[in-house]
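Here is a set of short exercises on one protein chain. Try each task before you read its solution.

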Amino acid sequence: LPEPVDTILIVDTYHHIPNRVAYFTALKSRLRPGGRLAIVDFRKGVPGGPPDEFRLTPDQISQELAQAGFVLRTSHDFLPRQHYLIYAVQ
């Protein structure tokens, strides 16, 4: 990103990102103060999307992002097949 932004949205691709802790540690610098990181990715056990072995639980995502310096602020359950998690920089 050429300049810091207020929100970064990752949809259905979190599980594809290699070296996620390093990636999101570096991505922190692209958020403005008070910015948010929103992750939307597939729940385990629902139809469509990647096989379950490539899906992560909200706890797994939160543990990885905590290592990168993020804290979970909000989670939403209105999507039938995906998690919707919003993080902020710690």
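**Exercise 1. The strand pairings**

How many bridges join β2 to β4, and do they run parallel or antiparallel?

Solution. The model is a predicted one.
- Step 1. Count the links: β2 and β4 are joined by 7 bridges.
- Step 2. Check the direction: β2 and β4 run antiparallel.
- Step 3. Find residue pairs. Ile39 stands opposite Leu85 in β4. Val40 stands opposite Tyr84 in β4.
- Step 4. Look at the other partner of β4. Between β3 and β4 there are 6 bridges, and these strands run antiparallel. His76 has Tyr84 in β4 as its bridge partner.
- Step 5. Put Tyr84 in context. Tyr84 is opposite Val40, and Tyr84 is also the bridge partner of His76.
- Step 6. Look at the turn: β3 and β4 form a hairpin, with 5 residues between them.

**Exercise 2. The order of elements**

In what order do the elements of the protein chain run from the N terminus on?

Solution.
- Step 1. Count them: the protein chain has 2 helices and 4 strands.
- Step 2. Read from the N terminus: the order is β-α-β-α-β-β.
- Step 3. Judge the packing. The radius of gyration is 13 Å, close to the 12 Å that the globule rule gives for 90 residues, so the chain is as compact as a globular protein of that length.
- Step 4. Add the extent: the C-alpha trace spans about 35 × 25 × 25 Å along its principal axes.

**Exercise 3. The crossover**

Which way do β1 and β2 run, parallel or antiparallel?

Solution.
- Step 1. Take the bridges: 6 of them join β1 to β2, and the two strands run parallel.
- Step 2. Pick one pair: Thr7 stands opposite Arg36 in β2.
- Step 3. Follow the chain. From β1 it passes through helix α1 (residues 20-27) to β2, and this β-α-β crossover is right-handed.

**Exercise 4. Arg36 and its surroundings**

Which residues does Arg36 touch, not counting those up to four places away in sequence?

Solution.
- Step 1. Place the residue: Arg36 is in strand β2.
- Step 2. List the contacts, leaving out residues up to four places away in sequence: Asp6, Thr7, Ile8, Leu31, Ile86 and Tyr87.
- Step 3. Take one of them. Tyr87 is 51 residues from Arg36 along the chain, and their C-alpha atoms are separated by 5.6 Å.
- Step 4. Check the cover: Arg36 is partly exposed, with a relative accessible area of 45%.

**Exercise 5. The salt bridges**

How many salt bridges does the structure hold?

Solution.
- Step 1. Recall the principle: side chains of opposite charge can pair when their charged atoms come close.
- Step 2. State the total: the structure holds 4 salt bridges. Three of the pairs follow in the next steps.
- Step 3. Take Asp6 and Arg32. Their side chains meet in a salt bridge at 3.2 Å, N to O. Asp6 lies in strand β1 (residues 5-11) and Arg32 in strand β2 (residues 31-42), so the pair ties together parts that are 26 residues apart in sequence. Asp6 is partly exposed, with a relative accessible area of 45%. Arg32 is partly exposed too, at 37%.
- Step 4. Take Asp77 and Arg43. Their salt bridge has an N to O distance of 3.7 Å. Asp77 sits in the loop between β3 (70-76) and β4 (82-89), and Arg43 in the loop between β2 and α2 (58-67), so the pair ties together parts that are 34 residues apart in sequence. Asp77 is exposed, with a relative accessible area of 64%, whereas Arg43 is buried at 18%.
- Step 5. Take Asp52 and Arg55. Their side chains meet in a salt bridge at 3.4 Å, N to O. Asp52 is partly exposed, with a relative accessible area of 34%. Arg55 is buried, at 5%.

**Exercise 6. Cover and contacts**

How many of the 8 residues of β4 are buried?

Solution.
- Step 1. Use the cut-off: a residue is buried when its relative accessible area is under 20%.
- Step 2. Apply it to the strand: 6 of the 8 residues of β4 are buried, and the strand is mostly covered.
- Step 3. Widen the view: buried residues make up 38% of the 90 residues in the protein chain.
- Step 4. Turn to the surface. The chain exposes about 5300 Å², and carbon and sulfur atoms supply 55% of that area.
- Step 5. Finish with contacts. Of those with a separation of 6 or more, 65% are between residues 24 or more positions apart.

Conventions
Residues numbered from 1 in each chain as written. Predicted model: local features only at pLDDT ≥ 70, side-chain atom pairs only at ≥ 80, totals over all residues. Heavy atoms only, no water. Buried < 20%, exposed > 50% of the residue type's maximum accessible area, 1.4 Å probe, protein only. Pairing = 2+ DSSP bridges. Right-handed = clockwise from strand over helix to strand, strands pointing away. Rg over C-alpha atoms; globule rule 2.2 N^0.38 Å. Contact = heavy atoms within 4.5 Å. Areas by Shrake-Rupley, 256 points an atom, 1.4 Å probe, with all protein chains shown as cover.
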